[in-house]
Amino acid sequence: MKKIIIRTDASVEIGSGHVMRCLTIADNLKVRGCNVRFWMEPLAGNLINLVAQQGYKNISKAEGADLYIVDHYGLDIEWEKFIRQHTKKLMVIDDLARVHDCDLLLDQNVVPNFESRYDGLVPNHCVKLLGPKYLIMREEFLMARNQMSQRHNIKRLLVFMGGTDPTNETMKILTALENYSFAQIDIVVGNGNVHKGEIKGICNERNYQYHCQISYMAQLMQQADFCIGAGGGTMWERCYVGLPSSSTIVAANQLITTTYAAQLGAVINLGWHEDVTVEKYRNLLKGLGDMNVKKLESISLQLTAAPQPNAWLSQIMELLA
């Protein structure tokens, strides 16, 4: 049985996206008989308990393994060189086009010149998996893409600003929603959202549907007509299921991908979070009735089309062979 260690973290500052996409990878590898462990630090807002509930042990120091998978902006090539002594192979998941010492590199993002952005940044032998055909998608999203509902008028609104929502966008949106009504409004937060209690109270007062740390996000996306969301991995999930959406950039690593996705017509880019006011969210809500949602849906689906879902999996298994 091949042993795989995934080095990643979640926190109030980091968010939950790295751990969530690594869980998708872990689940796929476990099904194929691999022994998968996580290495996560007990930071404020961590997801160690969630990962444990999914059946994965968390370690606290380096162990020998057949493969390390690293998904962490705080770890660089020096750490990768250090961990080489503990593993036969090394895979890196990145979004930032940094220098790496790895055997397999995965960057699922669509940015200008995405196919060549790692040239000269990784060893010559490194296999590069670049672009949207290597999107990391949970099974629920694969199914939702094939079972999409027809969207015409925007009656059901979904709001999800990431697992921790470090810039508190959800509260801005709730303020903006005071003067607007929809058939249903779903508000989603993660356990790491420090304002979740206040958000839940407002949802109860207004009869909004409140969801915390859920495992049925794809279902909500499938049922929604429009989503107000953040950039990053959840933006690609919305595109994958063809859900028209806006994106607020809440972290620096989301800037290039969100800007480019908007240029291609897949999402509406509201801009950097500090510049996105309550009034800007109000203007978005006001203009939803005139929005060409079918065009957003069509471009999103075209952009995320792939011959084989989760094509990265076969590449990992080949690395382990």
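Reader: Asp71 and Arg21: are these two residues buried or exposed?
Author: This is a predicted model, in which local features need pLDDT of at least 70 and side-chain atom pairs count only at pLDDT 80 or more, whereas totals for chains, interfaces and linings use all residues. Residues are numbered from 1 along each chain as its sequence is written, and side-chain values use heavy atoms, with hydrogens and water left out. Burial is read from relative accessible area, where buried means under 20%, exposed over 50% and partly exposed in between, with a 1.4 Å probe and protein chains only. On that scale Asp71 is buried, and Arg21 is likewise buried.

Reader: How many residues apart in sequence are the parts that Asp71 and Arg21 tie together?
Author: The side chains of Asp71 and Arg21 form a salt bridge at 2.6 Å, N to O, a term that requires a side-chain nitrogen of Lys or Arg within 4 Å of a carboxyl oxygen of Asp or Glu. Elements are DSSP runs numbered from the N terminus, with helices (H or I) of at least four residues and strands (E) of at least two. Because Asp71 belongs to strand S4 and Arg21 to helix H1 (residues 17-31), the parts that this pair ties together are separated in sequence by 50 residues.

Reader: Which residues are joined with Glu63 into one network by salt bridges that share partners?
Author: Glu63 meets Lys3 in a salt bridge of 2.8 Å, N to O. Since Glu63 sits in the loop between S3 and strand S4 (65-71) while Lys3 sits in strand S1 (residues 3-8), the pair ties together parts 60 residues apart in sequence. Glu63 is partly exposed, at 22% relative accessible area, whereas Lys3, at 19%, counts as buried. Through shared partners, the network joins to Glu63 the residues Lys3 and Arg37.

Reader: How many salt bridges does the structure hold?
Author: Besides the pairs already described, the side chains of Asp9 and Arg7 meet at 3.1 Å, N to O, and both of these residues are buried. Over the structure, the number of salt bridges comes to 19.

Reader: Which strands are the edge strands of the open sheet?
Author: Two strands count as paired if DSSP finds at least two bridges between them, and on this basis seven strands form an open sheet with parallel pairing, in the order S3-S2-S1-S4-S5-S6-S7. Each edge strand pairs on one side only, which identifies them as S3 (58-59) and S7 (127-130).

Reader: Which residue in S7 stands opposite Leu106?
Author: Strand S6 (residues 104-107) runs parallel to S7, and four bridges join them. Across this pairing, the residue opposite Leu106 is Leu129.

Reader: Which element supplies the largest share of the largest nonpolar core?
Author: A nonpolar core is a set of buried Ala, Val, Leu, Ile, Met, Phe, Trp, Tyr and Cys residues joined through side-chain atoms within 4.5 Å. The largest such core has 33 residues, and those with the most contacts inside it are Ile4, Leu29, Val36, Phe38, Ile69, Trp312 and Ile316. Among the elements that each supply at least two of its residues are S1, strand S2 (35-39), strand S5 (87-93) and helix H12 (312-320). The largest share, six residues, comes from H1.

Reader: About how much space lies in the largest pocket?
Author: On a 1 Å grid over the protein atoms alone, a pocket is an open set of points with protein on both sides within 12 Å along at least five of seven lines, a cavity is a set where a 1.4 Å probe fits but cannot get out, and lining residues have an atom within 4 Å of a point. Points are joined across faces, edges and corners, and a volume is the space filled by probe spheres set on them. For the largest pocket, this volume is about 920 Å³.

Reader: Which of the residues lining the largest pocket are the closest to its centre?
Author: H1, strand S9 (184-189) and helix H8 (233-240) each supply at least two residues of this lining, and the largest share, five residues, comes from H1. Of the 46 lining residues, the closest to the centre are Ser16, Gly17, His18, Gly233 and Thr234.

Reader: What is the volume of the largest cavity?
Author: One cavity of 30 Å³ or more is counted. The residues lining the largest cavity include Pro132, Tyr134, Tyr240 and Asn310, and its volume is about 50 Å³.
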